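The exercises below are meant to be worked with the sequence and the coordinates open side by side. Each task is followed by a solution that goes step by step.

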Amino acid sequence: MQRFLMLIYVLLGFVTEIGGSSLKPVLTGPSKAYLRSQVQFHCEVPGWTSPLTFELRKDTGDLIRAENNIKATFHLQVTEGSEGKYYCGVTGGQTSNSIQFHVVTPVIGASVSSDPDPPILYEGHKFSLRCLVRKGTHLSFTWHHDQQQVNASSDIYRLSGDALTVDAASERHAGTYACTAQNMMEVNPRFSSSRNLHVIVKKYISTLKLSFVVFSNDSSLMANISCRLARGSPPVTFSLLVNGLETDVKRVDSLEFWSVRPVSLGLDMGLAQCKAQAETQQLLSDPVPLHVVPVGGALRVMVKYLYDVDAVTTAARLTCFPDRGTFPTFSWSLNRSSLPPEGDAHLVMQNGQILFLTDVSSGYYRCRARDSFNDSSIWVESEDFFIQKTDEIQSDSMPRMNFPAGVSFKPQTVEMKTFIVNFADQTRPAPTTL
């Protein structure tokens with residue numbers, strides 16, 4: 001009998017050992033969670049219905065919790081030290097699969113930093129922005145430029161981690177930038193958005209030109225000299241040079257600078273030039289003579305007729321050329337009656353120098369010119385010139401004429417004739433009526 005009982009004990013021990021070694025628990029639970037939150041890990045042996053002792057351990061081998069039950073649920077408070085690899089086991093059995101657990105710090109305090117700082121640079125140069133946070137882990141980042149989200153596949157930006165880089169800045173890269181940092185959590189993701197950062201992309205200055213107009217100031221004649229850049233970013237330091245000597249210097253927040261100087265009618269006052277100085281550049285304009293020549297000499301009138309396909313005169317352009325004069329103004333008359341700047345059948349352009357007849361009326365036309373800056377100056381007048389509407393048929397090989405903007409004519413109009421008429425110098429006082 002004693003022998004039989006011993007055999008029973010041996011067999012029971014053998015079965016327990018075999019059963020225990022086949023117990024393979026399964027661990028389930030989250031892979032990440034916010035700091036100071038609570039999480040649950042579940043450990044069970046699939047298909048097992050008897051209580052077992054479950055143990056939850058970390059990759060350090062430390063025992064975290066133990067529980068005797070059919071299934072075990074372990075409740076954990078997430079701390080900074082909770083990060084690591086977790087697994088569970090049963091007494092006398094195998095260990096479960098492992099779960100790598102990450103502690104996620106909620107993101108706060110997003111801001112944008114720049115290189116260069118401050119973010120002011122010239123076109124063609126590189127700049128980089130970074131999205132910094134005061135706290136936060138496991139983050140993704142999105143960027144906005146002028147309130148439009150930056151596409152990760154865009155070819156005008158380069159995105160990498162928390163950084164946005166532009167290798168060769170242009171005007172389109174200027175504007176406001178902001179970033180948003182987000183915890184990469186499927187449930188309850190948290191966000192933090194930065195304030196706007198204004199990026200300034202400066203343009204290089206180019207094409208400096210000098211021009212001037214004159215005006216009467218009591219008994220004096222003054223030149224208002226303009227120095228103007230075609231493009232660039234203010235501020236700019238402009239200098240006016242006369243015969244190479246600097247006469248006026250001013251730093252302005254624009255692309256144009258004005259300087260007033262006295263001039264004498266008919267006297268060459270020298271060569272004027274503009275100089276523009278930016279942070280990295282200096283430009284010098286072409287020289288312009290400060291020489292105001294009064295209107296005088298003979299007048300030349302150039303007439304161009306235009307015909308339609310039926311050889312009927314549809315338009316004519318009359319241009320008045322004084323023999324000399326730096327700042328002329330013009331007026332026209334038809335049959336001794338003054339023509340206004342614009343009418344139903346004509347248009348005056350280029351300070352009155354061109355008279356465009358959109359509907360040719362036969363008659364005697366005359367132009368006159370004088371100095372634009374002196375209302376009391378003497379008019380120089382041409383002789384009457386007869387314009388006739390004709391049905392003369394001309395060759396279709398003559399060149400077409402470019403019409404001025406805003407003037408419409410019949411289609412297929414062909415320029416047919418050009419006449420140049422010279423008139424002797426006439427210096428007579430301006431008549432009261434033309």
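**Exercise 1.** What is the torsion about the S-S bond of Cys131 and Cys179, and is the disulfide right-handed or left-handed?

Solution. Keep in mind at the outset that this is a predicted model. Begin with the bond itself, which joins Cys131 to Cys179 with an S to S distance of 2.0 Å. The torsion about this S-S bond is about 70°, so the disulfide is right-handed. Next, place the two ends: Cys131 belongs to strand β11 (residues 127-132) and Cys179 to strand β16 (residues 175-183), so that the pair links distant parts of the chain, 48 residues apart. Finally, turn to accessibility, where Cys131 and Cys179 are both buried.

**Exercise 2.** Determine how many disulfides a search of the whole structure finds, and describe the link of Cys43 and Cys88.

Solution. The search returns 4 disulfides, and, with bonded cysteines counted along the chain, their pattern is 1-2, 3-4, 5-6, 7-8. In the link between Cys43 and Cys88, the distance from S to S is 1.9 Å, and with 70° about the S-S bond this link is right-handed. Cys43 lies in strand β3 (residues 38-44) and Cys88 in strand β7, so the disulfide ties together parts that are 45 residues apart in sequence. With a buried residue taken as one under 20% relative accessible area, Cys43 at 1% is buried, and Cys88 at 0% counts as buried too.

**Exercise 3.** Work out the handedness of the disulfide of Cys227 and Cys274 from its torsion.

Solution. The S to S distance between Cys227 and Cys274 is 1.8 Å. Here the torsion about the S-S bond is about -70°, so the disulfide is left-handed. As for its position in the chain, Cys227 sits in strand β20 and Cys274 in strand β24, 47 residues apart. The relative accessibility of Cys227 is 0%, which counts as buried, and Cys274 is likewise buried, with a relative accessible area of 0%.

**Exercise 4.** Which strands stand at the edges of the open sheet that contains β4?

Solution. Write down the order of the 5 strands, β2-β8-β7-β4-β5, in which the pairing is mixed. β2 (32-34) and β5 each have a single partner strand and stand at the edges, so one side of each is left without a neighbour in the sheet. From one strand to the next, the twist averages 25°.

Now examine β4 (residues 52-58), whose covered face consists of Leu52, Phe54, Leu56 and Lys58, while Thr53, Glu55 and Arg57 make up the uncovered one. β4 pairs with β5 (residues 63-69) in the antiparallel sense over 6 bridges, and Arg57 stands opposite Leu63 in β5. The hairpin of these two strands has 4 residues between them, and Gly61 takes a positive phi near 90°. β4 also runs antiparallel to β7 (residues 84-90), joined by 5 bridges, with Lys58 opposite Tyr86 in β7.

**Exercise 5.** Identify the residues that touch the most other members of the largest nonpolar core.

Solution. This core holds 26 residues, and those sought are Phe212, Val214, Phe238 and Val292. At least two core residues come from each of β19 (206-217), β20 (220-231), β21 (236-242), β23 (256-263) and β24 (268-277), and the largest share, 5 residues, is supplied by β20. To follow one of the contact lists, take Val292, which touches residues including Phe212, Val214, Leu221, Val263 and Phe373.

Terms used
Residues are numbered from 1 along each chain as its sequence is written. This is a predicted model: local features need pLDDT of at least 70, side-chain atom pairs count only at pLDDT 80 or more; totals for chains, interfaces and linings use all residues. Side-chain values use heavy atoms; hydrogens and water are left out. Buried means under 20% relative accessible area, exposed over 50%, partly exposed in between (1.4 Å probe, protein chains only). Two strands pair if DSSP finds at least two bridges between them. A nonpolar core is a set of buried Ala, Val, Leu, Ile, Met, Phe, Trp, Tyr and Cys residues joined through side-chain atoms within 4.5 Å. Contact means heavy atoms within 4.5 Å. Axes are lines fitted to C-alpha atoms, for helices over the stretch in contact, and angles run from 0 to 180 degrees between N-to-C directions. A disulfide is a pair of cysteine sulfur atoms within 2.5 Å. Lists of a residue's contacts leave out its neighbours within four places in sequence.
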